[in-house]
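Hello,

Here is the structure I said I would pass on. My notes on it come after the display.

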Amino acid sequence: MKSPLQSAIKNLWLSKWSTLMAIVSIGVCFFIVTAVLIGLYNLDIFSKKLSSKATIVIYIKNEIPETEIYQFINKLKETGFFTKIQYISKEDALKEMQNIIEPSMIELIGYNPLSNTVEAFIKDEKIEKIEEITQNIKKSDLVEDVYYPSKIIYALKTLKITLWNLGVIIFCFLSLAILFIIYATVKNHYWKKTEEIEILKLLGATPSYIRYPFITEGGILGLLGSLLATISIVIIYFFLHSKNVIEFLPAITQLVFPFEILYILPCIGLLLGVASSFVALGKIKYQ
């Protein structure tokens with residue numbers, strides 16, 4: 001008596017061309033899905049790095065003494081909204097400016113035109129509330145004005161949401177395509193075995209015994225398709241990180257590759273294959 005695995009391999013081999021087309025199609029779908037997810041993963045990392053540099057610059061009124069400024073900074077720290085807060089006095093700001101422009105230009109003005117400022121680096125998880133935070137800061141009597149890169153943050157937020165939504169749509173669409181390919185392949189193989197299955201029923205074979213080889217087929221199709229995509233992605237990764245490509249496209253080294261995908265993807269392929277086979281066989285009634 002053959003095991004479900006042996007029967008599944010035999011069935012797939014007997015229809016080797018349709019099996020090959022199914023595996024390649026599944027592999028292409030998995031490849032596109034994985035490429036999109038890696039792109040979104042890197043976008044998320046990039047946005048977090050950019051967000052960590054999102055600074056609220058608070059201009060303090062000239063007549064405010066430093067003791068009150070430090071009290072104001074302590075209150076900002078207590079809110080828990082910021083990763084780092086630093087105070088830059090007008091004197092320190094002037095020294096930095098002298099390194100950028102000619103000192104004679106400043107001497108022409110005759111006084112220090114700069115203001116005492118506080119730079120507050122907002123936390124990633126609080127970036128969504130930056131507008132509300134700045135409005136609350138402006139209410140302070142010590143504050144003359146507040147600046148933050150609102151347009152950059154808004155554009156980044158819009159781009160991130162748009163690409164994530166697009167990625168979710170692509171993921172759902174191609175996941176359904178993978179399920180459909182496995183569903184159609186397994187069901188087609190089942191109908192080709194109708195006469196053989198009827199004989200097995202007459203010999204007393206249980207529904208589970210008949211189902212197992214086809215469920216195994218679906219698992220094999222999903223697993224092989226996902227492995228094909230995984231191997232292709234690894235080959236492309238090493239190609240992109242080869243010396244010649246790096247010299248031509250140095251920015252490619254900044255891309256982060258989540259190596260967890262090397263074992264997650266085959267597991268997903270196996271699960272999708274088994275699930276799709278259950279759906280295909282569940283529609284068939286035993287007489």
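The notes below cover a surface patch, one helix and one strand residue. Please keep in mind that this is a predicted model.

Surface patch. W17, L20, V24, V28, I32 and L228 together make a nonpolar patch of about 540 Å² on the surface. Helix 2, residues 16-52, supplies the largest share of this patch, with 5 residues. L228 lies in helix 9, which covers residues 207-240. The relative accessibility of L228 is 34%, so this residue counts as partly exposed; buried would require under 20%, and exposed over 50%.

Helix 6. This helix runs over residues 130-138, and its buried residues are I130, I133, T134 and I137. Viewed down the axis of helix 6, these residues fall within an arc of 95 degrees, so they line one face of the helix. The general background is that an α-helix has 3.6 residues a turn, so residues three or four places apart point the same way.

Strand 4. V143 is in this strand, which spans residues 143-147. V143 has a relative accessible area of 7% and is therefore buried, the cut-off being under 20%. Leaving aside residues up to four places away in sequence, V143 touches I58, Y59, K61, F72, I137 and K138. One of these contacts, I137, is also among the buried residues of helix 6. The C-alpha atoms of V143 and I60 are separated by 4.7 Å, although the two residues are 83 residues apart along the chain.

Regards

Note on methods
Residues are numbered from 1 along each chain as its sequence is written. This is a predicted model: local features need pLDDT of at least 70, side-chain atom pairs count only at pLDDT 80 or more; totals for chains, interfaces and linings use all residues. Side-chain values use heavy atoms; hydrogens and water are left out. Patches are made of residues with over 30% relative accessible area and no salt bridge: like charges are joined within 9 Å, nonpolar side chains (Val, Leu, Ile, Met, Phe, Trp, Tyr) within 5 Å. Accessible areas come from the Shrake-Rupley method with a 1.4 Å probe; for residues, only the protein chains shown count as cover. A salt bridge is a side-chain nitrogen of Lys or Arg within 4 Å of a carboxyl oxygen of Asp or Glu. Helices (H or I, at least four residues) and strands (E, at least two) are DSSP runs, numbered from the N terminus. Buried means under 20% relative accessible area, exposed over 50%, partly exposed in between (1.4 Å probe, protein chains only). The arc is that of the directions from the helix axis to the C-beta atoms. Contact means heavy atoms within 4.5 Å.
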